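Here are a few exercises to try with the model open beside you. Have a go at each one before reading its solution.

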Amino acid sequence: MSEFVQVACPACLAPNRVPAVRVAEDPKCGKCGAALLDGAPAELREDQFESFVARTELPVLADFWAPWCGPCRAMAPHFERAAQQLKDQVRLVKVNTEDAPGLAARYGIRAIPTLVLFRNGVEAKRTSGALDAGALTRWVA
Ligand SMILES: [Zn+2]
């Protein structure tokens with residue numbers, strides 16, 4: 001691992017260079033003070049998502065979901081648990097496809113939940129269907 005890892009702020013999208021040794025120490029955004037890696041999934045809007053992914057060197061796991069989707073709601077606590085378990089390794093984010101139809105179309109989201117893993121801003125893999133916390137952490141490994 002390099003000396004610094006860049007992560008985008010989920011609030012203001014500022015790219016922050018965090019010393020690799022500090023990633024697990026609840027780093028804050030240098031611009032707005034928001035928590036960068038607090039172990040909770042970041043809810044991203046359509047206008048935030050691509051900048052966030054492009055500015056984050058940690059792998060980003062995106063959950064494309066919708067409020068009316070039962071399996072999505074069932075997976076939510078598992079996704080939160082996985083975010084806590086993976087907090088210094090993978091950035092977990094959620095995209096409400098109801099509020100971000102353009103994004104869902106751009107990424108070809110045909111079923112929800114769909115999980116997409118990005119590495120260095122590029123899609124590495126995806127899967128559809130709800131996973132529990134254990135399966136989520138195994139899937140991103
Ligand atoms: Zn910020």
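**Exercise 1.** How are the donor residues of the zinc ion spaced in sequence?

*Solution.* Before you start: this is a predicted model, where local features need pLDDT of at least 70, side-chain atom pairs count only at pLDDT 80 or more, and totals for chains, interfaces and linings use all residues. Residues are numbered from 1 along each chain as its sequence is written, and side-chain values use heavy atoms, with hydrogens and water left out.

Step 1: find the donors (N, O and S atoms within 2.8 Å of the metal, or 3.2 Å for Na, K and Ca). The SG atoms of Cys9, Cys12, Cys29 and Cys32 coordinate the zinc ion at 2.3 Å.

Step 2: read off the spacing, which is C-x2-C-x16-C-x2-C.

Step 3: place one pair. Cys12 sits in the loop between strands S1 (4–8) and S2 (15–19), while Cys32, 20 residues apart from Cys12, is in the loop between S2 and strand S3 (42–43). Strands here are DSSP runs (E, at least two residues) numbered from the N terminus.

**Exercise 2.** Why does the arrangement around the zinc ion count as tetrahedral?

*Solution.* Step 1: take the rule, that four donors are tetrahedral if all angles lie between 85 and 135 degrees.

Step 2: check the angles. The four donor atoms subtend 105 to 115°, so the arrangement is tetrahedral.

**Exercise 3.** Are Cys12 and Cys32 buried or exposed?

*Solution.* Step 1: recall the cut-offs: buried is under 20% relative accessible area, exposed over 50%, partly exposed in between (1.4 Å probe, protein chains only).

Step 2: compare. Cys12 has 27%, so Cys12 is partly exposed; Cys32, with 42%, is partly exposed too.

Methods:
Tetrahedral: all angles 85-135°; square planar, octahedral: opposite > 155°, others 65-115°. Helix = DSSP H or I, 4+ residues; strand = E, 2+ residues; numbered from the N terminus.
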